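Please look through the model shown here, in which a few helices, loops and individual side chains will be followed one after another.

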Amino acid sequence: MSKIAKAFENGKAFIPFLTVGDPNGDKTVEFVLEMERAGADLVELGIPFSDPTAEGVVIQDANVRALKGGMRLKGVFEVVEKIREKSQIPLVFLTYLNPVFNYGYEAFFAKCQELGVDGMICPDLPYEERGEVEEVAEKYGVDLIALIAPTSEERIQMIAKAAKGYIYIVSSMGVTGVRSKITTDIGRIVEAVRKVTDVPCAIGFGISTPEQAHEMAALSDGAIVGSAIVKIIAQYGEDAAPHVYEYVKAMKDAL
């Protein structure tokens with residue numbers, strides 16, 4: 001069983017996200033370990049990028065802070081190496097294609113395999129163009145995580161059929177960020193996915209409260225939270241670890 005599959009085997013998965021290098025690499029390691037201690041089942045690690053088009057202002061600002069602090073792909077790999085010295089929690093990169101392309105697909109996925117990175121989410125890689133990296137990712141045992149937005153059932157099922165690891169269901173149109181209310185018919189999307197695959201689905205974009213996490217996880221296999229955690233890190237900086245722990249624990253308990 002893959003590490004990603006194990007994240008979903010004991011009930012609903014809670015998946016937190018943070019931007020690597022915000023506020024610095026050592027603190028990213030600390031925050032990930034605190035998230036695991038609080039009950040996180042899998043962690044998404046954002047690779048800082050200058051033009052993160054799917055992100056709202058909270059995560060955009062985190063990217064700016066990380067880049068200003070000198071975090072680059074080499075440093076991201078060093079952070080993962082430090083995490084792996086203390087933890088085997090499933091890890092998934094969230095990255096735009098440009099850093100991967102510039103590093104070289106072969107070298108990037110080989111490094112992921114070496115460090116035990118289990119998957120990659122790439123918001124600017126359309127389904128129709130996934131072949132550009134899919135073969136290399138498969139060669140090194142890295143799952144390309146599919147993003148499914150609120151769209152036609154035919155497209156949902158087309159993407160779901162090819163999905164590996166887990167499916168990231170986007171709860172709302174637009175960019176990432178905290179939302180007071182999620183109005184998308186998530187149940188319809190999950191139902192369409194279930195018709196064609198048993199790959200687990202987790203819902204992200206806009207989830208920030210335990211109540212929202214509980215509601216979304218009840219419809220799927222888990223909840224993904226990014227902006228709310230990044231806001232905590234922005235508020236408390238290097239002192240954020242206990243606050244991140246408490247937040248993740250409350251969210252996991254709500255599932």
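Contact, as the word is used throughout, means heavy atoms within 4.5 Å. The model is a predicted one, in which local features need pLDDT of at least 70 and side-chain atom pairs count only at pLDDT 80 or more, while totals for chains, interfaces and linings use all residues. Residues are numbered from 1 along each chain as its sequence is written, and side-chain values use heavy atoms, with hydrogens and water left out.

A convenient place to begin is Asp22, which lies in the loop between β1 and α2; helices (H or I, at least four residues) and strands (E, at least two) are DSSP runs, numbered from the N terminus. Leaving aside neighbours within four places in sequence, Asp22 is in contact with Thr28, Phe31, Ala62, Arg65, Ala66, Val230 and Ile233. Its relative accessible area is 4%, so Asp22 counts as buried, a term that means under 20% relative accessible area, with exposed meaning over 50% and partly exposed in between (1.4 Å probe, protein chains only). The side chains of Asp22 and Arg65 are joined by a polar contact of 2.9 Å, where a polar contact is a pair of N or O atoms within 3.5 Å; within protein, one must be able to donate a hydrogen and the other to accept it, and residues adjacent in sequence count only if both atoms are side-chain atoms. The peptide bond between Asp22 and Pro23 is cis, with omega about 5°, and Pro23 lies in that loop between β1 and α2 as well.

From this loop the chain leads into helix α2, whose N-terminal end is capped by Asn24, a side-chain oxygen of which lies 3.2 Å from the backbone nitrogen of Asp26. How far should the 13 residues of helix α2 (residues 25–37) span at 1.5 Å a residue? The expected span, taken as 1.5 Å times one less than the number of residues, is 18 Å, and the end C-alpha atoms are 19 Å apart, which agrees. The buried residues of α2 are Gly25, Lys27, Thr28, Val29, Phe31, Val32, Glu34 and Met35, and what covers them includes β1 (13–19), β2 (43–46), α4 (73–84), β3 (91–94), α11 (227–236) and α12 (241–254). Just after α2, Gly39 takes a positive phi of about 115°.

Helix α3 (residues 57–68) holds Asn63, which is buried, with a relative accessible area of 4%. A polar atom of the Asn63 side chain lies 2.7 Å from the backbone oxygen of Ile59, and, not counting residues up to four places away in sequence, Asn63 touches Thr19, Ile47, Pro48, Phe49 and Pro52.

Further along the chain, helix α6 (residues 105–115) and helix α7 (residues 131–139) pack at an angle of about 35°, with their axes 9 Å apart; axes are lines fitted to C-alpha atoms, for helices over the stretch in contact, and angles run from 0 to 180 degrees between N-to-C directions. In this pairing, Tyr105, Glu106, Phe109 and Gln113 of α6 meet Glu132, Val133, Val136, Ala137 and Lys139 of α7. Within α7, Val133, Glu134, Val136 and Ala137 are buried, and the buried residues of α7 pack against α5 (97–103), α6 and β5 (143–148). Just after α7, Gly141 takes a positive phi of about 70°.

A last stop is Phe205, found in the loop between β7 (201–204) and α10 (210–219), which has a positive phi of about 80° although it is not a glycine. At 12% relative accessibility, Phe205 counts as buried.
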